[in-house]
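Please open the model in a viewer that permits selection by residue number. The tour below proceeds by selection, with a short account of what is found at each stop.

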Amino acid sequence: MHLKTMKCNPFCLIASLEDPDMFNRPEQRTSFEDLFHAFDRNVTFQYFKSFRRVRINFTNALAAAEARAKLHKSDFNGREVRLYFAQSVHIGSPHLEPPKPDKQFLLSPPPSPPVGWEQSKDATPVINYDLLCAIARLGPGEKYELQPGTPTTPSVVVHVCENDQEISGNEEDMDGGRRPRPKIIQTRRPEYTPSVMQ
């Protein structure tokens, strides 16, 4: 919300009162109001106890100006009364404006995309023909080393499985039981050398 202008309201004064008892005692309120009734008989008052302020609404701007000139920094029950013209704030529109749609499309679930947004076209998939050729050359039971080993890292080796038809035909042996699973060999950890860690 953008504040456009701030103007003084010539019909309204704000009284700053330091005496908290004035807000609780009706007889002190009456004597305070009588000070301003001398300038305007139709003056009204609004008390804001938590702010220790009183809004004084006049029907005539000249009466408000005269009251401020004569009563500003005057004494009331041993305390100083300060009077100020109230400021009216003018906002550009009386209605609440919607937020600017800068990043609304990032919300979940997203609303409509911003103006000018276009969906990116999917790129054609990248096919690695060298990899496909290497996989096609592999035969059942063969090994293929993807990453050669170094003194500090193990090698990465792919073992190609046997043919599916041979496995399904020999799934059960002569006794009617299942074939035992082959034992998985753990990859050996490289030897520790202190020079590598330094």
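**First selection: Phe-45 and its surroundings**

Begin with Phe-45, which touches Phe-32, Glu-33, Phe-36, His-37, Val-54, Arg-55 and Ile-56, leaving aside residues up to four places away in sequence. The model is a predicted one, and every value quoted on this tour is to be read in that light.

**The nonpolar core**

Keep Phe-45 displayed and add Phe-32, Phe-36, Val-54, Ile-56, Phe-58 and Leu-83; together these are the residues with the most contacts inside the largest nonpolar core, which has 20 residues. Next, colour the elements that build this core: β1 (3-16), α1 (26-37), β2 (44-48), β3 (53-57), α2 (61-71) and β5 (79-91) each supply at least two of its residues. Which element provides the largest share of this core? Helix α2 does, with 4 residues. As a general background, nonpolar side chains in soluble globular proteins tend to be buried together.

**Aromatic rings**

Now restrict the display to aromatic side chains. The structure holds 7 aromatic pairs. Select Phe-32 and Phe-76 for one of them: the arrangement is edge-to-face, with 5.4 Å from centre to centre and 70° between the planes. Phe-32 belongs to helix α1 and Phe-76 to strand β4 (residues 74-76), so this pair links distant parts of the chain, 44 residues apart. Both Phe-32 and Phe-76 are buried.

Move on to Phe-36 and Phe-58. Why is this pair described as edge-to-face? The ring centres of Phe-36 and Phe-58 are 6.4 Å apart and their planes stand at 65°, and the edge-to-face class covers planes over 60 degrees apart. Because Phe-36 lies in helix α1 while Phe-58 lies in the loop between β3 and α2, the pair ties together parts that are 22 residues apart in sequence. Phe-36 counts as buried because its relative accessibility is 1%, and Phe-58 likewise counts as buried, at 5%; the cut-off for this class is under 20%.

Extend the selection to Phe-23, Phe-32, Phe-36, Phe-45, Tyr-47, Phe-58 and Phe-76, which form one aromatic cluster. Within this view, add Arg-29: its charged end sits over the ring of Tyr-47, 4.2 Å from the ring centre.

**Salt bridges**

Finally, display the charged side chains. How many salt bridges are there? The count comes to 3.

- Select Lys-70 and Glu-66. They form a salt bridge whose closest N and O atoms are 3.4 Å apart. Both residues lie in helix α2, 4 residues apart, or about one turn of the helix. Lys-70 counts as exposed because its relative accessibility is 55%, whereas Glu-66 is partly exposed at 39%.
- Select Glu-80 and Arg-82. Their salt bridge has its closest N and O atoms 3.0 Å apart. Glu-80 counts as partly exposed, with 37% relative accessibility, and Arg-82 is also partly exposed, with a relative accessible area of 35%.
- Select Arg-188 and Glu-191. Here the closest N and O atoms of the salt bridge are 3.4 Å apart. Are these residues buried or exposed? Arg-188 is exposed, and Glu-191 is exposed as well.

Conventions. Residues numbered from 1 in each chain as written. Predicted model: local features only at pLDDT ≥ 70, side-chain atom pairs only at ≥ 80, totals over all residues. Heavy atoms only, no water. Core = buried A, V, L, I, M, F, W, Y, C linked by side-chain atoms within 4.5 Å. Buried < 20%, exposed > 50% of the residue type's maximum accessible area, 1.4 Å probe, protein only. Contact = heavy atoms within 4.5 Å. Salt bridge = Lys/Arg side-chain N within 4 Å of Asp/Glu carboxyl O. Phe/Tyr/Trp six-rings, centres within 6.5 Å; stacked < 30°, edge-to-face > 60°. Lys NZ or Arg CZ within 6 Å of the ring centre and 35° of its normal.
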